[in-house]
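Trainee: Please take one residue of this model and look at it closely, then set it against the domains of the chain.

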Amino acid sequence: MTAETAHPWAVQGDDALRAHVAEELSRTRQRSAQLTDAVDDEDLERQHSPLMSPLVWDLAHIGSQEELWLVRDVGGREAVRPDIDDLYDAFQHPRSDRPQLPLLGPTEAREYVGTVRTKVFDLLDGVPLQGRRLVDNAFAFGMIVQHEQQHDETMLATHQLRRGEPALHAEPPPPADDRALPAEIVVPAGPFTMGTSTEPWALDNERPAHDVRVEAFALDTTPVTNGQFQRFIDAGGYRQQQWWSPDGWAFVQRAELEAPRFWFRDGDRWMRRRFGHVEPVPANEPVMHVSYHEAAAFSAWAGKRLPTEREWEKAARFDPSSGRSRRYPWGDDDPGPDHANLGQRHLRPAPAGAYPHGEAPCGARQLIGDVWEWTSSDFRPYPGFTAFPYREYSEVFFGPDHQVLRGGSFGTDRAACRGTFRNWDYPIRRQIFTGFRCARSLSRDEIG
Ligand SMILES: [Fe+2]
């Protein structure tokens, strides 16, 4: 018997749902425009790293997916640009090849996404939002909002890889609260409901809700900080094979790693480059731009390990007073600015110990927002998984090649982040906004 919120939305009724969709689409497009208007046309067409597409590819791809799913499928309308379907199919062209394609230029791409959006607003007025799984609770619209937000985060990572003067600007995040926090919290053994069957815009890989038992474990109260990670560097961690898995050691040797990506030495100080700013590495901020292998090696050096995906989700969602799994660590309310560092509101993680209003019942902080957190789990389907609405969304990525990341980063929008949300990537990836926290199993004595 699973225990989660029955229908978690404040949005009730057809008109309210349509208004909610329109608001989310517009809010999301503002962010895409901000990311692409921040640089000139030449910069939009440039490839800043072989890991990334030119920004102008992301922009037109956002429009292309919206056209396929909303204009053609949900709306049953005529195609806008059937001639470019192939150019913007992520499965046809790896990122490194995309600059060579005959892509739409910046002006054409902007016109194209605008045309598609006008059609979507037009059809949103009349299309039924029930009677077919793709449109129930406006799912297809939610999927497209999340898709655009995910590409916005990818574009933000491209901005981080771009050389040159700062192009993006934002307020600094809030400080840590000055109350001393314990280094780790304990989550007692027992079952909890993982995944969701009720969250209207949850994606196929988050479904269905199912009960799992988790043994007692300890989890770091906050993500591992730059200061803590620097101690691992200073202790020679990158040169000591004993902390690394065979794959991790091969990677660290081949890539000649000695610190997180974007760090460099200036005399005896560590500096970093962040969206065009060069600054000393702040000791109290969660470490980011580390691969899974670096996160796992640090954890071994610290006498700990990475949490499993189950442990992470139990810490983030389980409410022992009700026995129910929440949508978020703080409860069922959508994330607000006091809960978590999301949505590119700030261009960096907040210091460890910030966001007291976002604390989970177990006492862990910053599980949502700030940095994506590597888990020790590879990406697998939940029992009862069915691919929806297409196999390429999740199913083709299941298997041992991808590690699961949880919780979202400062660059993840609230529409694309919740307690059940699962992200995945290769264990060598470092350009994404990823950090981690450590866990450990409890000894018999500690369990009592
Ligand atoms: Fe995409």
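Mentor: Gly-384 is exposed, because 11 other C-beta atoms lie within 10 Å; with C-beta atoms placed from the backbone, a residue is exposed if 12 or fewer others lie within 10 Å of its own, buried if 20 or more do, and partly exposed in between. This is a predicted model, in which local features need pLDDT of at least 70 and side-chain atom pairs count only at pLDDT 80 or more, while totals for chains, interfaces and linings use all residues. Residues are numbered from 1 along each chain as its sequence is written.

Gly-384 sits in the loop between strand 10 (372-379) and strand 11 (399-406). Strands (E, at least two residues) and helices (H or I, at least four) are DSSP runs numbered from the N terminus. Leaving aside residues up to four places away in sequence, Gly-384 touches Pro-208 and His-210; contact means C-beta atoms, placed from the backbone, within 7 Å. Met-52 is 332 residues from Gly-384 in sequence, and 34 Å from Gly-384 in space, C-alpha to C-alpha.

As for the domains, the assignment gives domain 1 (3-161) and domain 2 (172-448), with bounds from an automatic or database domain assignment. Their centres, taken over C-alpha atoms, are separated by 27 Å. Across the interface, 27 residues of domain 1 are in contact with 24 residues of domain 2. On the domain 1 side, helix 1 (14-37) and helix 5 (139-161) each supply at least two residues, and helix 5 gives the most, with 13 residues.

Methods: Contact = placed C-beta atoms within 7 Å.
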